[in-house]
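Biologist: I have a model open and I'd like to learn how to read it properly. Could you walk me through it, one feature at a time?

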Amino acid sequence: MIRTMARRLAALGIMAVWGCTGGSSSSGVSVDYEKYELANGMDVILHVDRSDPVAAVAMTFHVGSAREVPGRTGFAHLFEHLFFLDSENLGPGGLDKLMTRVGSSTNGSTSRDRTNYFEVVPKDALEKALWAESDKAG
């Protein structure tokens, strides 16, 4: 069920990463993952780490401030915030309410090259987080 939902999310341009662990490539750390490239060019990256009882869901879009022109800036950051506001099934503020109810840490950011959104939820709330991101992207 989780893999099916993740593939559905990928069709919406979402990248899901479970139980993300950090590490520097110079330290020799290796992280096992599965990567799926869809026919439309979108990528899904799956990683399982059972060392913590949490799951992380991250959506990354190749949209940032690099293409803004002087005098007309801030649009990428504005859209980052707008994306948090509403979705078809959750309604206004629904994502924040759902994520608060399941005990999530939720945030997003915009840089020159990308906009990302993420949740870290208890592992039993992963399906809800995936569904909510799908609804938000829809």
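Modeller: Sure, let's start with how the chain folds back on itself. Residues 24 or more positions apart account for 71% of the contacts in the protein chain with a separation of 6 or more. Keep in mind that this is a predicted model.

Biologist: Which elements does the chain have, and in what pattern along the sequence?

Modeller: The protein chain has four helices and five strands, and they follow the pattern α-β-β-β-α-α-β-β-α. As for burial, 34% of the 138 residues count as buried.

Biologist: Where is confidence lowest, and where is it highest?

Modeller: Start with the whole chain: the mean pLDDT is 80, with 81% of residues at 70 or more. Helix H1 (residues 2-11) has the lowest confidence, at a mean of 42, while S5 has the highest, at 93. Over residues 1-24 the pLDDT stays under 50, though the model still has 73 contacts beyond four places in sequence for that stretch.

Biologist: Now the inside. Which residues touch the most other members of the largest nonpolar core?

Modeller: The general idea is that in soluble globular proteins, nonpolar side chains tend to be buried together. Here the largest nonpolar core has 15 residues, and Met99, Val102 and Val121 touch the most other members. Strand S3 (54-61), helix H3 (94-102), strand S5 (115-122) and helix H4 (126-137) each give two or more residues to this core.

Biologist: What is Val121 in contact with, leaving aside neighbours within four places in sequence?

Modeller: Its partners are Pro53, Val54, Ala55, Met99, Val102, Ser104, Leu126 and Ala129.

Biologist: And how do I read a helix pair?

Modeller: Two packed helices are described by the angle between their axes and the distance between the axes. For H3 and H4, the axes come within 11 Å and cross at roughly 175 degrees. That angle is why H3 counts as roughly antiparallel to H4. H3 contributes Leu95, Leu98, Met99 and Val102 to the contact, and H4 contributes Lys128, Ala129, Ala132 and Lys136. By type, that gives six nonpolar, no polar and two charged residues.

Biologist: One last spot: is Asn89 buried or exposed?

Modeller: A residue counts as exposed when its relative accessible area is over 50%. Asn89 is exposed because its value is 52%. Asn89 sits in the loop between helix H2 (75-85) and H3. Not counting residues up to four places away in sequence, Asn89 touches Trp131 and Asp135. The C-alpha atoms of Asn89 and Gly138 are separated by 9.8 Å, with the two residues 49 apart along the chain.

Note on methods. Residues are numbered from 1 along each chain as its sequence is written. Side-chain values use heavy atoms; hydrogens and water are left out. A nonpolar core is a set of buried Ala, Val, Leu, Ile, Met, Phe, Trp, Tyr and Cys residues joined through side-chain atoms within 4.5 Å. Buried means under 20% relative accessible area, exposed over 50%, partly exposed in between (1.4 Å probe, protein chains only). Contact means heavy atoms within 4.5 Å. Axes are lines fitted to C-alpha atoms, for helices over the stretch in contact, and angles run from 0 to 180 degrees between N-to-C directions. Angles under 35 degrees count as roughly parallel, over 145 as roughly antiparallel, 65 to 115 as roughly perpendicular and the rest as oblique. Ala, Val, Leu, Ile, Met, Phe, Trp, Tyr, Cys and Pro count as nonpolar, Asp, Glu, Lys and Arg as charged, and the others, Gly among them, as polar. pLDDT is the predictor's confidence in each residue, from 0 to 100.
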